[in-house]
Amino acid sequence: MFAIHQSARLSGVQSEILKEGLLEAKKAELKNYMELAYTAIRDIYEDPSLPRDVAQRHVAEAFHRMEYGSDGYFFVYDYDGLSIVHPRLDHLVGQNLWNFRDEDGKLLIQSLVQRAREGGGYTEYRWDKPSGGESVLKLGYSIGMDEWGWMVGTGLYLDDIEQVVGQMERHMVGNARKTILLMAFFTVSCLLVIAVIGLAVNLSEARVANRKLVRMAQKTFSFLEKERRRISRELHDGINQLLVSARFKLERIDDALGRGDHLDASSSLAAADRILETGIQDLRRLAYDLRPSVLDDLGLVAALESLCSGLVERKPLQLHFESNIDSGECQPVLATALYRITQESLHNIEKHAGGVRLVRVKVLRRRGWVYLEIADDGEGFAWHPDQRREQDGTGMGLRNIQDRVDLLGGRLTIEAAPGKGVRIRLKVPFQRVAGKTSGERIDGKVYTRTFGGRPSAGAGGAALPVGGAAGR
């Protein structure tokens, strides 16, 4: 529609330009005809030796004979409107047409005389065309012969201009219509191509997404089975054995009481108490691993500090912790994922990072993203992003971390090399708790805490591949 509107407007503008150009050409042509005609009679008009009536008769006869083209002629009126010469309408000669009006109501003779008195000028009016017989628009040019009080005029019909402009407009409209149709054809063709490509891409993405969902479901079931086996093993090898031992102690107490040996009964009772206390601790640890209560009660930052503190208690190292997360704004799904990823990473450090002296944990929010970085200065290992090590039981924790990051729509980077430690970096979209109205923090205050003693010389933090902006 815009193209049609612009084409119509452009057609109108070009028509006006063409019409003005042709009209200017007509005016120049009329002026040239008048100059030629005046040159032809100037010697007679300006000859003082000829009597006026003789000179006027000769000039009138000359104008009567002058013609150009099929419809070009000259006419003469005096300043009072009396017709003196009209080659095509002889019956008008001798009539006074001062008050004559054309079809548009214009006082034609008065306008022509006025232009002549002004030194020459143009007048548009309607007049019957001799070759066509119809009244058409005509452009007249008149000059004055002031000594005699005559007005000499001539004119050109403008219907040919209208024909030329009309033909050009029809040609332009036809070209515009063809152009618009061609544009519409290519537009529709492009839309069809885009639609087909989009459909193909969507189908391809749908297939890829379905395959990812299938793999994710398989991994989820694998996680569940693995967790169930771990819990079963913990219950069977730990708590169950402790309960069996406690039962044996209770049987021994019963036997000792039957024999009246109170000293043996008291000793067995103390042993049973220690066994039950160990079982209670193991049961608490198992429940904590399934869902840490500190994460629900105190929030993400406190839960991460609990993990860091626990690692330092079990392994002689120093741990630096940094965070600017507001636990109250973080959705439970995101908090749980960050907790599990940190738990898995610290577990890997505890079990597999030989020679580690310094660990850094950073969880920072920048605009709409959360950045988590966990790095150590241990012995490291050879790592390639495309390697598969689940089959031999190693690298499974890193794969679990990758799967959790994928579920959150984030990106994971693992940097590891022998003798250079391991650095895990990830970024995931920040998920705010529904209903929170606090402004989004871009660079909140960073909370830092150090766990454990000072690392020994040679294992210092300067060698740790974690810079001030490493996680950002």
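**Entry 1. Lys-129 and Asp-159**

I began with a salt bridge in this predicted model: the side chains of Lys-129 and Asp-159 meet with N and O 2.8 Å apart. I then looked up where the two partners sit. Lys-129 is in the loop between β4 (121–128) and β5 (135–145), and Asp-159 is in helix α4 (residues 159–259). The two are 30 residues apart, and I noted the pair as a link between distant parts of the chain.

Are the partners buried or exposed? Lys-129 has a relative accessible area of 18% and is buried, because the cut-off for buried is under 20%. Asp-159 is also listed at 18%, and I entered Asp-159 as buried.

**Entry 2. Arg-252 and Asp-264**

I went on to Arg-252, which forms a salt bridge with Asp-264. The closest N and O atoms of this pair are 3.4 Å apart. Arg-252 lies in helix α4 and Asp-264 in helix α5 (residues 262–290), so the bridge ties together parts twelve residues apart in sequence. Arg-252 is partly exposed at 44% relative accessible area, whereas Asp-264 counts as buried at 16%.

Which residues do salt bridges with shared partners join into one network here? I wrote down Arg-252, Asp-255, Arg-259, Asp-261 and Asp-264.

**Entry 3. Arg-88 and Glu-67**

I looked up another salt bridge, between the side chains of Arg-88 and Glu-67, with an N to O distance of 3.5 Å. Arg-88 is in the loop between β3 (83–85) and α3 (108–117), while Glu-67 is in strand β1 (residues 67–68). The partners are 21 residues apart, and this pair too links distant parts of the chain. I have Arg-88 as partly exposed, at 28% relative accessibility. Glu-67 is partly exposed as well, at 47%.

How many salt bridges does the structure hold? I noted 14.

**Entry 4. Lys-26**

I turned to a lysine in helix α1, Lys-26. Its relative accessibility is 12%, and I entered Lys-26 as buried. What does Lys-26 contact, leaving aside its neighbours within four places in sequence? I listed Leu-139, Leu-156, Tyr-157, Leu-158, Asp-160 and Ile-161.

**Entry 5. Helices α1 and α2**

I stayed with α1 and checked its packing against α2. The axes of α1 (residues 2–45) and α2 (residues 52–65) come within 10 Å and cross at roughly 160 degrees. Angles over 145 degrees count as roughly antiparallel, and α1 and α2 are therefore roughly antiparallel to each other. I recorded the crossing of α1 and α2 as right-handed.

On the α1 side the contact involves Ala-37, Ile-41 and Ile-44. On the α2 side, these residues meet Ala-55, His-58, Val-59, Ala-62 and Phe-63. By class I have seven nonpolar residues, one polar and no charged in the contact of α1 with α2.

**Entry 6. Helices α7 and α8**

I made the same kind of check on α7 (residues 300–314) and α8 (residues 332–352). Their axes come within 10 Å and cross at roughly 10 degrees. That makes α7 roughly parallel to α8.

From α7, I listed Leu-300, Ala-303, Leu-304, Leu-307, Cys-308, Leu-311 and Arg-314 in the contact. From α8, I listed Ala-335, Leu-338, Tyr-339, Thr-342, Gln-343, Leu-346 and Glu-350. The contact of α7 with α8 has ten nonpolar, two polar and two charged residues.

**Entry 7. Phe-430**

I looked up Phe-430 in the loop between β11 (422–429) and β12 (447–451). Phe-430 counts as buried at 15% relative accessibility. Not counting residues up to four places away in sequence, Phe-430 touches Glu-329, Cys-330, Leu-334, Arg-365, Gly-368, Trp-369 and Val-370. I also took the distance from Phe-430 to Gly-410, which is 9.9 Å from C-alpha to C-alpha. Phe-430 and Gly-410 are 20 residues apart in sequence.

**Entry 8. Arg-367**

My last check was a backbone angle. Most residues other than glycine have a negative phi. The phi of Arg-367 is near 55 degrees, a positive value in a residue other than glycine. Where is Arg-367 placed? I found Arg-367 in the loop between β8 (358–366) and β9 (369–376). Arg-367 counts as exposed at 52% relative accessibility, because the cut-off for exposed is over 50%.

How values were computed
Residues numbered from 1 in each chain as written. Predicted model: local features only at pLDDT ≥ 70, side-chain atom pairs only at ≥ 80, totals over all residues. Heavy atoms only, no water. Axes fitted to C-alpha atoms, helices over the stretch in contact; angles between N-to-C directions. Helix = DSSP H or I, 4+ residues; strand = E, 2+ residues; numbered from the N terminus. Parallel < 35°, antiparallel > 145°, perpendicular 65-115°, else oblique. Left-handed = near helix turned anticlockwise from the far one by under 90°. Contact = heavy atoms within 4.5 Å. Nonpolar A, V, L, I, M, F, W, Y, C, P; charged D, E, K, R; others polar. Salt bridge = Lys/Arg side-chain N within 4 Å of Asp/Glu carboxyl O. Buried < 20%, exposed > 50% of the residue type's maximum accessible area, 1.4 Å probe, protein only.
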